[in-house]
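This note is offered to a colleague who is meeting the structure for the first time. The points below may be read with the sequence and the model side by side.

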Amino acid sequence: MATNKNALIRYKILDNCFRNIGKKYFIDNLIEECNKALSEIDSSSNGISRRQIFEDILFMQSSEGWSIALSKIKEGRKVYYRYEDPNFSINNMPLNSFEVHQLQVALDILSQFKGMPQFEWIHELVPKLKQGMVHDNESFSTIINFDSNKYLKGIEYLGLLYNAIYNKKVLLIKYQPFNHSQPYNLKIHPYYLKQYNNRWFLYGYSPEKEKFDWNMALDRIVDISEILDNYQDNLNIDWLEYFEDILGVTKHIDAKVENITLHFYGKTGNYIISKPIHGSQKSKWISNEILEVKLQLIINYELEHFILSYVDTVLVVEPKELRFAIQKRIENARIINE
């Protein structure tokens with residue numbers, strides 16, 4: 001079965017040729033039509049072979065394809081191809097197993113965007129797609145899954161905030177941080193949404209705080225309402241650059257990028273190589289058991305939390321301030337657990 005990225009394009013071209021009763025399509029003509037379409041998509045395409053065309057036809061005739069009824073009409077020594085029923089088209093057929101597989105993969109991926117209203121159509125579309133699918137009595141199960149928490153508080157606001165950013169709407173958010181016993185109201189001009197460690201954060205301009213990068217965790221939002229006010233466009237921050245020198249979401253005012261050196265011991269070193277901490281990471285083995293990692297980052301809570309997650313297999317070499325901060329956290333943990 002031909003399943004490369006151009007297969008569906010070729011099937012559509014062959015379908016058009018087979019139902020065209022105004023022209024006779026011999027094998028060379030079919031190759032020419034397919035190559036013409038493929039070259040428009042990719043000018044570097046080398047074209048397809050006769051063997052590929054024959055394989056495509058066999059697939060279209062198979063039950064895995066569309067079970068097409070194809071006439072092979074001789075003219076001299078050559079044969080041209082035409083549907084037995086000129087009104088037939090694969091476009092009018094239920095989805096075959098090949099198309100179902102491609103849709104299933106796409107839906108499995110898109111369905112991970114839970115909590116976002118603009119993706120609700122996926123869940124509504126699935127039953128409709130199944131009605132048009134070719135049933136072969138196979139049971140399908142999900143074979144891909146992303147790290148997500150469908151029970152996460154505040155996820156229901158994700159779509160609303162996305163639309164507010166897109167449509168440039170000013171919001172009044174009732175917000176309750178962990179260190180506040182009561183919620184308070186904050187006006188914000190929303191700019192950007194970021195996910196980190198399975199939590200979502202909103203960034204925007206706060207007139208009250210006079211900050212263009214004020215951030216709020218969605219799981220601490222109590223309520224959101226739209227207010228009539230002139231939207232302040234973001235003219236100050238390139239968000240892709242903003243996160244280049246931090247791990248996570250916290251960026252302190254006037255904080256500077258630090259040269260950080262960490263030593264990871266044992267198997268943890270292999271893991272850090274396979275999953276780099278940050279784009280600035282430079283690694284080298286200084287012994288069989290020690291991986292030295294150098295980073296250029298602003299020190300923040302998320303970096304400290306990351307280091308603590310490997311507390312028994314990591315040494316903070318520099319800077320000293322970070323090393324002392326980690327030692328203090330470890331000491332606090334020891335006291336709590338005594």
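**Notes on the predicted model**

1. Strand 6 and strand 7 form a hairpin with four residues between them, and E210 in the turn has a positive phi of about 55 degrees. The model discussed here is a predicted one. The pairing of strand 6 with strand 7 is antiparallel and extends over five bridges. Within this pairing, G204 has W214 of strand 7 as its bridge partner.

2. A further backbone feature occurs at N197, which is not a glycine yet has a positive phi of about 50 degrees. N197 is placed in the loop between strand 5 and strand 6. As background, most residues other than glycine have a negative phi, and most peptide bonds are trans.

3. The largest pocket deserves separate attention. Its volume is about 1,200 Å³. Of the 40 residues in its lining, those closest to the centre are Y196, F201, V249, T250 and E302. Two or more lining residues come from each of strand 5 (184-196), strand 6 (199-206), strand 7 (211-217), helix 8 (267-274) and helix 9.

4. Which element gives the most to the lining of the largest pocket? Strand 7 does, with six residues. By class, the lining of the largest pocket comprises 21 nonpolar, 10 polar and nine charged residues. Domain 3 (156-238) and domain 4 (257-332) each supply at least three residues to the lining of this pocket.

5. An open sheet of four strands, in the order 10-11-9-12, shows antiparallel pairing. Strand 10 (282-285) and strand 12 (314-318) are at its edges with a single partner strand each, so one side of each has no neighbour in the sheet. On average, neighbouring strands of this sheet are turned by 20 degrees against each other, direction ignored.

6. Within the four-stranded sheet, strand 9 (residues 258-265) pairs with strand 12 in the antiparallel sense over four bridges. Here L262 stands opposite V316 of strand 12. Helix 9 (residues 301-308) packs on the sheet and touches strand 9, strand 11 (290-297) and strand 12. The direction of helix 9 makes about 15 degrees with that of strand 9.

7. Helix 10 (residues 320-336) also meets this region: it lies across strand 9 and strand 12, and runs at about 145 degrees to strand 12. Where is P319 placed? P319 is in the loop between strand 12 and helix 10. The peptide bond that leads from E318 to P319 is cis, with omega near 0 degrees.

8. Another open sheet has three strands in the order 1-3-2, with antiparallel pairing. Why is one side of strand 1 (25-26) and of strand 2 (70-75) left without a neighbour in the sheet? Strand 1 and strand 2 stand at the edges, and each is left with one side unaccompanied because each has a single partner strand. In general, strands of a sheet pair through backbone hydrogen bonds, either parallel or antiparallel.

9. In the three-stranded sheet, strand 2 and strand 3 (residues 78-83) pair in the antiparallel sense over six bridges. One of the bridge partnerships joins E75 to K78 in strand 3. Helix 1 (residues 7-18) lies across strand 1, strand 2 and strand 3, and its course is at about 95 degrees to strand 3.

Note on methods:
Residues numbered from 1 in each chain as written. Predicted model: local features only at pLDDT ≥ 70, side-chain atom pairs only at ≥ 80, totals over all residues. Heavy atoms only, no water. Pairing = 2+ DSSP bridges. Axes fitted to C-alpha atoms, helices over the stretch in contact; angles between N-to-C directions. Contact = heavy atoms within 4.5 Å. 1 Å grid on protein atoms, 1.4 Å probe; cavity = no way out; pocket = protein on both sides within 12 Å on 5 of 7 lines; lining within 4 Å. Points joined across faces, edges and corners; volume = space filled by probe spheres on them. Nonpolar A, V, L, I, M, F, W, Y, C, P; charged D, E, K, R; others polar. Domains from an automatic or database assignment.
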